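Colleague: Could you take a close look at one part of this model for me? I would like to see one site first and then its surroundings.

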Amino acid sequence: MAAFGLLLGGVTVDAQTVPAETGSSIGPTAAQAALDLHNRARRDVGTAPLAWSAELADFAQKWADHLAKDQGCRMEHRPRSGPWGSKYGENIFWGSAASFSPKDAANSWYGEIKDFKPGILTGDNWYKTGHYTQMVWKNTTHVGMGQAVCPNGAIIIVGNYNPPGNYMGQSPY
């Protein structure tokens, strides 16, 4: 079966269009490249493609900005509760050069496939592959990403996923 895309107010590939207003500082072309990479990884394992969510991108952008400005450019996940509490699945990328893109972040997360052994997630096999398994999690339908520049020029990129994945005792696909 062939996949066709149309350009309608945004950029599209495989019929998954990123809107012109992405919800974050990431432009539609860069967002599309990251979404396409996610969806190629998902296609390879038989999970349905993700759609871009401006709401998730806004959520990711707020955390990226917080990490870059208020947390000294530290890479850490949202806490489980409180005003910054997590609601979604989350991947984070940190790069020491200003030239990193959302696609670079997605490539980094996808790179964990080399350590992935299909089956249910446990504490032993999740640690090295949790970013990858979140990308391909079977029940996840939407992704949004945000990007911020740290005072030292480093880049923080956050991806949020809904519904979240990475449940111990379950298989990602």
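Is Ser99 buried or exposed, and what is its relative accessible area?

Modeller: Happy to! This is a predicted model, so local features are given only at pLDDT of at least 70 and side-chain atom pairs only at 80 or more, while totals for chains, interfaces and linings use all residues. Residues are numbered from 1 along each chain as its sequence is written, and side-chain values use heavy atoms, without hydrogens or water.

Ser99 is exposed, because its relative accessible area is 62% (exposed is over 50%, buried under 20%, partly exposed in between, with a 1.4 Å probe and protein chains only). Ser99 sits in the loop between strand E4 (89–95) and helix H3 (helices, H or I, of at least four residues and strands, E, of at least two are DSSP runs numbered from the N terminus). Its C-alpha atom is 30 Å from that of Ala48, a residue 51 places away along the chain.

From that stretch of the chain we can step to Gln147, whose contacts include Phe100, Ser101 and Pro102 (contact means heavy atoms within 4.5 Å). Gln147 belongs to strand E5, residues 142–149. At a relative accessible area of 19%, Gln147 counts as buried. Beyond its neighbours within four places in sequence, Gln147 also contacts Ser25, Ile26, Gln61, Ala64 and Asp65, as well as Ile155, Ile156 and Ile157.

Two of those partners, Ala64 and Ile156, lead us to a nonpolar core of 12 residues, which also includes Ala148 and Val158 (such a core is a set of buried Ala, Val, Leu, Ile, Met, Phe, Trp, Tyr and Cys residues joined through side-chain atoms within 4.5 Å). This core is separate from the largest one, which has 23 residues and in which Trp52, Trp109, Met135, Val143 and Met145 have the most contacts. Helix H1 (28–45), H3 (102–110), helix H5 (130–136), E5 and strand E6 (155–162) each supply at least two residues of the largest core, and H1 gives the most, with 5 residues.

Trp52 shows how that core is put together. Not counting residues up to four places away in sequence, Trp52 touches Val18, Pro19, Thr22, Ala31, Leu35, Ala57, His142, Val143, Gly144 and Met145. Its partner Ala57 lies in helix H2, residues 54–69, and is buried at 0% relative accessibility. Ala57 in turn touches Thr22, Gly23, Ser24, Trp52, Gly144, Met145 and Gly146, with the same sequence neighbours left out. Ala57 and Ala31 are 26 residues apart in sequence, with their C-alpha atoms 9.7 Å apart in space.

A few backbone details deserve a look too. Most residues other than glycine have a negative phi, and most peptide bonds are trans. Here, Asn162 and Pro163 are joined by a cis peptide bond, with omega about -15 degrees, and Pro163 lies in the segment after E6. Asn166 is also in the segment after E6; its phi is positive, near 65 degrees, and at 17% relative accessibility Asn166 is buried. Cys73, in the loop between H2 and E4, has a positive phi near 65 degrees as well, and its relative accessible area of 11% makes it buried.

Stepping back, the chain has 5 helices and 6 strands, in the order β-β-α-β-α-β-α-α-α-β-β. Its C-alpha trace spans about 45 × 45 × 30 Å along the principal axes, and 44% of its 173 residues are buried. Of the contacts between residues at least 6 apart in sequence, 64% join residues at least 24 apart.
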